[in-house]
Structures are given as structure tokens and as C-alpha cells.
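Trainee: I would be grateful for a close look at one part of this model, the sheet together with the helices that pack around it. Please take me through that region in a connected way.

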Amino acid sequence: MTNKRSIRFIDLFAGMGGFRIGFESAGRDLDTNTHCVFSSEIKEAAITAYQQNFNETPSGNIEEINAKDIPDFDILLAGFPCQPFSSAGNREGFLDTRGTLFFEIERILKEKKPHGFILENVDGLINHDKINPSDPIGRTLDVMLKSLKSLGYNVTWKLLNSSDFGLAQSRKRVFIVGSLNSKIPLNDFHKKSVKLKDILESGLPTLKSNIAKILLEKFRPDQLFGKSIKDKRGGENNIHSWELELKGPCTDDQKKLLSELLKARRNKKWADIIGIQWMDGMPLTCEQIYTFFPHENLQEMLDDLTSKKYLKLEHPKDLMFVQNKNGVLSKRRMPRTDLPKGYNIVAGKMSYEISKILDPEGLAPTLVAMDIDRLVVVDNDGLRNLSDIEQKRLFGFPDNYNLSNLSIVDRFDLFGNTVPIPVVTELSKLLIKDFLSS
């Protein structure tokens, strides 16, 4: 009987342990023992989840831990927070990232010299601190890559979408992989696609709220698939507050007026007519609105819609120099009180418990903490929020992952900041194979 090889890893900025689950899954697939010798996390809810599911308490703030005190390890895993570099790109080498959490990764790699690492960050990292639009990446990522290479690592990176790895969520994340042994290509993955319906439960309690009732009175459940409830944009995939009469009754003419104004207020021609720099969604006067909606009772309709808060009456905004308390001038959009007020849509996502009805034949959007609780699915003839198990499945967590000691708010916050586990698993397989061949 042959002995399995073992590989030791550390889990930094550990969160819910998604990186750990993915890495350990890769080890099992490759018949390789994996052993987490150190983890670090400061968020209380994440520490609770880690304790519940791994029977371990992560060490505290990594900034306060001496790298010499970390046990020897082979692979570093980190979904690190992204912070601006005060001098990104101005100098080469180690000092460029001091004061950022990425520096903590660098100093540990420098001290411990492990075989390799996998790092994860949001897609915005690619263009962060970009100077020229034609540059392939921004200065922040450029400094990171140069710093990692200066430590002797062969480094590759790629933007990967969880939907290509068997998750029913579109979640794009930047992954950076490094090895002392060889350069690991990140482009030969077998794509696996699933739909939202593949992970949904059925027959769960549905919402009894007023907005859920109104939606189901005005639409069949299947007509709601993929629809967003917001007033910021037009289009067939948006249901607007006036269509549901959420703020009060609207006549057919008023609904047409609001729909036309929603589109017209974004036309750049109004900036020239009003005499301001163009902004997306300008207030228009009754006279200006009359040019595209010539209704004999237009003013009366506008007054009524304003009283019901479908519209607001406001001055147009323009870029103006504003002085702060320290006397520093900066440009900000400020109301031009010298110009007449106009009518504007009360835009944006509305403060209701439903922001979007997910399409079972499609994917969930990128889940963020502030919006998870307002995404709903159709269950039989009703609407309901995503269940705990469905949320876990959208990130690749096992159904039995334990969150029983956490509040709903804490769960949303943790999920909104976690890694897509199947992506981690596939990358980990590549790095483990590389380690075993060294």
C-alpha cells in the first residue's frame, strides 16, 4: 500500500472557508492529503462560521502576526481585500505595497518561500489605477504581479466566471496563481454550465407581502422571469413602480408620460438646450416635456405624479467647483439654482423587498450582500426569497454547511464576499499537480 503525499496550506482572509473547501476538494480528487496548518480572519461572523464548520478558530489580524510564527506550508490561499496603493507604479519592488493588505501576503511569501499560491480579488482589480485607457491593466495589478515575480514566482492570472465552472451565478473574479516550479496556464478548463432551475428547491413558503401580491395580480408567474423592479431604466426587463401603481393610482396616459420621460431625460440634446454638461437623467420643464408628450392636461398630470412621488421637481445639476473646509477646490455635481426646476423620475432601485425575479432558465446575477435578500424566485404559484441551501449552492458550498449561529444579515454579508468554490477547486488541482511533480 503506497502512502499518499501530503500538502500543507494556509488560509488567509479566510471568510467562510470557501478557499479551504475548494482546496481540500481538489486534494480528494487527486488522492492527496491536504492539511490546513494556519488560518486568519478578523470578521466576527466569519470566525463563527469557521469555528462551526472546521472546528478551528482562525488567528486574528494578519497584520499583527509575525511570519516566522506561521508553521511551514506549501501553498498560500488568500481572497484578499483590494486597497489603493498610494504609490502604485512609481517604484518597483517590495515597498510599493506597504500599507495595503496585499503587503501581508508578500511578506509571508518572502519569509516562508512556499511552493505556490492562489489569490482572488474582484474584477475591478484589472483596471484599478489605470493611467491610459489603452493599457491592458491598471497600475495596482501591475505592481502586484511585479512584486510576486520579484519573489521568484512564475505568475499567471485570469478573470474567471463562476458560471463556466458549474455554478448558476455569474460571478467574475480575478485569480492569480504562482509557483516556484513552473508557469501554470489558466486557460484549459472544461466548461460546465448549469441553470438556476438545477439548484432550486420547491414547495417552500412564499411571500405574503403587498408587492408580491400586486405582482402576481398583474402578471402570471412565468411573465415575471428575469424582471427587475426599478425605475432607473426602461426596457422590457424592467417593471416600473407606476405599472404596479405602488405609489398610488396612475391613468394610462400618466403611465405613458412616465415611460416617455424615463427615456427622454437621458437624451444628450437637453444638456445643450439647458446649458449644462450632460448627465444621465436630467430634469425637464413642462414646456420641454410637451415637445415629446403634447397632452392638453400635461401640467395637471405632472403635479399629480409629483404629489405621489413618482416624480420630483428639482434644479438641473452641473459640474461646479466646490471648496471644502480645508479650502481645497474639487469638481462636484451641484444644483444650478439659476436655472428653472424640472421634473425628473424618482429613479433607482426602489425600497421594496423585491428587486428582481430570477429566471430559472438563466443565471443569478453576481450576489452582493446588500441585494441577496431582495432577489426572489417563483415557487409554484408564489414568490419567495432564495433559501439558505440555494444560496450555498450558488457559491458551491455543500448543503450541510452550518450557518445556524449566524443572523440573516451576517449570512448575506459573508456570502456577498465569498469565493466561487468550484473555480478554486480547478485552480487548486493545477497547483497540487505542479507541487506533486516538483
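Mentor: The open sheet is built from six strands in the order β2-β1-β3-β4-β6-β5, with mixed pairing; strands here are DSSP runs of E with at least two residues, helices are runs of H or I with at least four, and both are numbered from the N terminus. Two strands count as paired if DSSP finds at least two bridges between them. In general, the strands of a sheet pair through backbone hydrogen bonds, either parallel or antiparallel. The edges are occupied by β2 (33-39) and β5 (154-161), each with a single partner strand, so one side of each has no neighbour in the sheet. From one strand to the next, the twist averages 20°.

This is a predicted model, in which local features need pLDDT of at least 70 and side-chain atom pairs count only at pLDDT 80 or more, while totals for chains, interfaces and linings use all residues. Residues are numbered from 1 along each chain as its sequence is written, and side-chain values use heavy atoms, with hydrogens and water left out.

At one edge, β5 pairs with β6 (residues 172-179) in the antiparallel sense over eight bridges. Within this pairing, Trp-157 stands opposite Ile-176 of β6. Helix α4 lies across β4 (116-122), β5 and β6, and runs at about 140° to β5; axes are lines fitted to C-alpha atoms, for helices over the stretch in contact, and angles run from 0 to 180 degrees between N-to-C directions. Helix α13 (residues 421-436) also packs on the sheet, where it touches β1 (6-12), β3 (75-78), β4, β5 and β6; contact means heavy atoms within 4.5 Å. The direction of α13 makes about 10° with that of β6.

Helix α4 (residues 139-150) also packs with helix α3 (residues 102-112), at an angle of about 10° and with the axes 10 Å apart. The two helices are therefore roughly parallel, a term for angles under 35 degrees (over 145 is roughly antiparallel, 65 to 115 roughly perpendicular and the rest oblique). Phe-102, Glu-106 and Leu-109 of α3 meet Met-144, Ser-147 and Leu-148 of α4.

The loop between β4 and α4 contains Asp-129, which has a positive phi of about 60° although it is not a glycine. Asp-129 is partly exposed, with a relative accessible area of 25% (buried means under 20%, exposed over 50%, partly exposed in between, with a 1.4 Å probe and protein chains only).
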